[in-house]
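Biologist: Please take a close look at a single part of this model, then set it against the rest of the chain. I should like the geometry and the surroundings described together.

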Amino acid sequence: MEDKKLRVVVKVGTSTLTHDSGGLDLRSMERLARTLADLHGLGHEVILVSSGAIAVGTEKLGLPERPKELRMKQAAAAVGQCRMMHIYDKLFAEYNQSVAQILLTGDDVEDSARAEHLRGTFSALLSMGVIPVVNENDSVSSAEIETGRHKVLGDNDTLSAIVAGLCEANLLVLLSDIDGLYDADPKTHPDAKLLHRVTELTPEILEMAGGAGTWRGTGGMATKLSAARVAMAAGFDMVITNGARTEDLYGIVEGQDIGTRFVAVSRGA
């Protein structure tokens, strides 16, 4: 994979972008912007799927905790998304990199005509050297933030896999608050081993999925394995790695054993 120019989708989770209080971790966002702009400068095409809107909106509005009522969650998402894009635009501009905002709902990817328009938009942006910043449109969609209904996207792990497939990406990287998939819970099993390569989602692998990591996010290992299933079937690799080390992205695009790589079905073991 060395020296190959890739189309890479990078998904960053809420826990990577925010402090425990829910406020934005600007230092982490700056490192992310610098690394992605650098990857773009090396010739790779980059798409960023970014979580965090509700958590950031909650902090911006001065609410004591994440709202429980759907309409308040959606309002917080609207405020948070505005703040996040303002910061992304400013940070990427420091590296002469333009960004664009794309907000999606399940209908956008289910409907063939809308999906084709999306492909065209992504293609045009990438051809002009722009990095699209994608999130679910929480202000009109409740797929992620309300359970019990039919879900197409459901969480940003799955969303990123769908976007990667839509854009015919070569690689999907999920930046999280964990190093990858372990054979046991490392919080309770100090001798747990990190799995560097997964070529098949066996029942044993699926049983390793735990719950959500922090209150700020909605995804856990289960949603990441769901995204891996989409990616592997669609023919591109997916990597789970720790978002605290965004510089690991350089090695990941070169195919190094960093985090856990789920190898696409078409590539084999």
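Modeller: Helix H4 agrees with its expected span: at 1.5 Å a residue its 24 residues should cover 34 Å, and its end C-alpha atoms are 34 Å apart. That expectation is 1.5 Å times one less than the number of residues. The model is predicted, so local features need pLDDT of at least 70 and side-chain atom pairs count only at pLDDT 80 or more, whereas totals for chains, interfaces and linings use all residues. Residues are numbered from 1 along each chain as its sequence is written, and side-chain values use heavy atoms, with hydrogens and water left out.

The buried residues of H4 are Lys73, Gln74, Ala76, Ala77, Gly80, Gln81, Met84, Met85, Ile87, Tyr88, Leu91 and Phe92. Here buried means under 20% relative accessible area, exposed over 50% and partly exposed in between, with a 1.4 Å probe and protein chains only. As background, an α-helix has 3.6 residues a turn, so residues three or four places apart point the same way.

Helix H3 (residues 53-60) meets H4 (residues 70-93), their axes coming within 6 Å and crossing at roughly 95°. H3 is therefore roughly perpendicular to H4. (Axes are lines fitted to C-alpha atoms, for helices over the stretch in contact, and angles run from 0 to 180 degrees between N-to-C directions; under 35 degrees counts as roughly parallel, over 145 as roughly antiparallel, 65 to 115 as roughly perpendicular and the rest as oblique.) From H3 the contact, meaning heavy atoms within 4.5 Å, involves Ala53, Ile54, Val56, Gly57, Thr58 and Lys60, and from H4 it involves Lys73, Ala76, Ala77, Val79, Gly80, Gln81, Arg83 and Met84. Of these residues 7 are nonpolar, 4 polar and 3 charged. (Ala, Val, Leu, Ile, Met, Phe, Trp, Tyr, Cys and Pro count as nonpolar, Asp, Glu, Lys and Arg as charged, and the others, Gly among them, as polar.) Several H4 residues in this contact, including Lys73, Ala76 and Met84, also belong to the buried set of H4.

Beyond H4, the loop leading to strand S3 (99-104) holds Asn96. Asn96 is not a glycine, yet its phi is positive, about 55°. By way of context, most residues other than glycine have a negative phi. Asn96 counts as exposed because its relative accessibility is 76%. A corresponding description applies to Glu168, which lies in the loop between H7 and strand S5 (171-176). Glu168 likewise has a positive phi of about 55° without being a glycine, and is exposed at a relative accessible area of 66%.

Helix H7 (residues 156-166) offers another packing pair, since it lies with its axis 8 Å from that of helix H9 (residues 221-234), at an angle of about 15°. H7 and H9 are therefore roughly parallel. Asp157, Thr158 and Ala161 of H7 make the contact with Thr223, Lys224, Ser226, Ala227 and Val230 of H9. That contact has 3 nonpolar, 3 polar and 2 charged residues.

For the chain as a whole, there are 10 helices and 8 strands. These are DSSP runs numbered from the N terminus, helices being H or I with at least four residues and strands E with at least two. Of its 269 residues, 52% count as buried. Among contacts with a separation of 6 or more, 72% join residues 24 or more positions apart.
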